[in-house]
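Reader: I am new to this structure and would be grateful for a formal introduction. May I put some questions about it?

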Amino acid sequence: MAKTFKLQIVTQEKVAFDGDIESLVVPAENGYLGVLAHHAPLLAALTHGRVTVDTGLRTLEGEVNDGFIEVQNNTATILTSDISGDFAKNAAN
Amino acid sequence: MAENLKALRRRIRSIGNTMKITRAMEMVSAAKLRRTQSILHAGQPYAEKLQELLQRLAGAAGDSDPLFARREAGRIAIVVFTGDRGLCGGFNNNLLQMAERWIKERGKDNVDVVCMGKKARDYLGKRGYKILNAHIDLGGLPEAPLARETANELRDCFLAEDYNRVFLLYNCFISQAQYEPVVEQFLPLSPDEISEEGDGDEQKKGLHAEVEYIYEPDQKQLFARLLPAYLESMMYITLAQSMTAEHSARMMAMNNATKNCGELIDSLTLKMNKARQAAITTEILEVVGGADALKG
């Protein structure tokens, strides 16, 4: 089993996702950016695009328009004003 | 006498109906209060994280961003947060009176108002204050798009130097039974506000400082992108605060109204019973008097 790391997706209205995942792809300013476990500390701005999360059991997808991602200490945090797709439904995940 | 009795009975019934309405409104407000409170609570992580990121970048980027620019004098904008409806005690009135005082202190002609809620628009519009924009029919629940739009509009005005200072005036929700009108500065941002932090975070910050981050784009640009998001979040939280306070104010006002109705019914019932008894006594006296007259 692949190594996992923590992901939190926080929107203005709620915490849309909070859990352990295997990989993450986000739309950074200069192109899509993949994050795996033990990624180096990172702070990046996001642009309009698709966020893909692989939890190991299933793949979740959602769209963002703006936002930021921070990775540190094997924890990724996505800050965005709103996210659609699978995350809008999985509010309690 | 009979007339009086009937009138009393009618009054008691009508007050009873009013009581049903106020009790229903109290329950509706209680439900809405719970919802807005949970929204307010759910919005905290975003605001906190954003502040944390800003703190980390503040050192590198400094306060060179135009959103920090201090310009003395000049025009002022104030956003006044009220509700769309009344029946909530002093919630709207206290705030609007404070708004009026505040604006007069700074000169009526120097201040433009952005109204959130019908009450603010009606009250301030009627008194001839210059209204820049009014958002009404807020629906009782805080909406992020509205907050974003307002924050961006004010930011643009500030950057265009239409206004040199922007303030927010709203009812701050303290507890279910307490709220307080407060004025907060929205723009320009103050560097202290962003780097301000609780004692608990000291250790955390020390940890962060040692980590070398990869920034994309560079720190300055990131900082400039984070600031508008911070303003939006501030506006959103303020809106949520004001609405939560509104529902709690209405709940309290309706609770009091229901209590007063109960007291009124009690005192009227007592009056009614006394009147009824008096009527019966008079009748008996009349009968006895009549019987005596026949005997004699």
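Author: Two residues are in contact if their C-beta atoms, placed from the backbone, lie within 7 Å. The model discussed here is predicted.

Reader: Among contacts in chain B between residues at least 6 apart in sequence, what percentage join residues at least 24 apart?

Author: The count leaves out pairs of residues that are not at least 6 apart in the sequence of chain B. Of the contacts that remain, those joining residues at least 24 apart make up 80%.

Reader: What is the radius of gyration of chain B?

Author: The C-alpha trace of chain B spans about 115 × 45 × 30 Å along its principal axes. For a compact globule of 296 residues, a value near 19 Å would be expected, but the radius of gyration of chain B is 29 Å.

Reader: Which element supplies the largest share of the largest nonpolar core?

Author: The largest nonpolar core has 86 residues, and B:Leu226 is one of those with the most contacts inside it. The largest share of this core is 18 residues, and these come from chain B, from helix α8 (residues 219–295).

Reader: Which residue of chain A does B:Leu226 touch?

Author: Residues up to four places away in sequence are not counted here. B:Leu226 touches B:Leu50, B:Leu53, B:Leu54 and B:Leu57, and from chain A it touches A:Phe68.

Reader: Which strand of chain B is joined to β5(A) by bridges?

Author: The contact between the chains takes 22 residues from chain A and 23 residues from chain B. On the side of chain A that touches chain B, β5(A) gives the largest share, four residues. Three bridges join β5(A), in parallel, to residues 214–216 of chain B, which form strand β6.

Definitions and conventions: Residues are numbered from 1 along each chain as its sequence is written. Chains are lettered from A and ligands numbered from 1 in the order in which they are written. This is a predicted model: local features need pLDDT of at least 70, side-chain atom pairs count only at pLDDT 80 or more; totals for chains, interfaces and linings use all residues. A nonpolar core is a set of buried Ala, Val, Leu, Ile, Met, Phe, Trp, Tyr and Cys residues joined through C-beta atoms within 7 Å. A residue is buried if 20 or more other C-beta atoms lie within 10 Å of its own, exposed if 12 or fewer, and partly exposed in between; C-beta atoms are placed from the backbone. Helices (H or I, at least four residues) and strands (E, at least two) are DSSP runs, numbered from the N terminus. Two strands pair if DSSP finds at least two bridges between them. The radius of gyration is taken over C-alpha atoms; the globule rule is 2.2 Å times the number of residues to the power 0.38.
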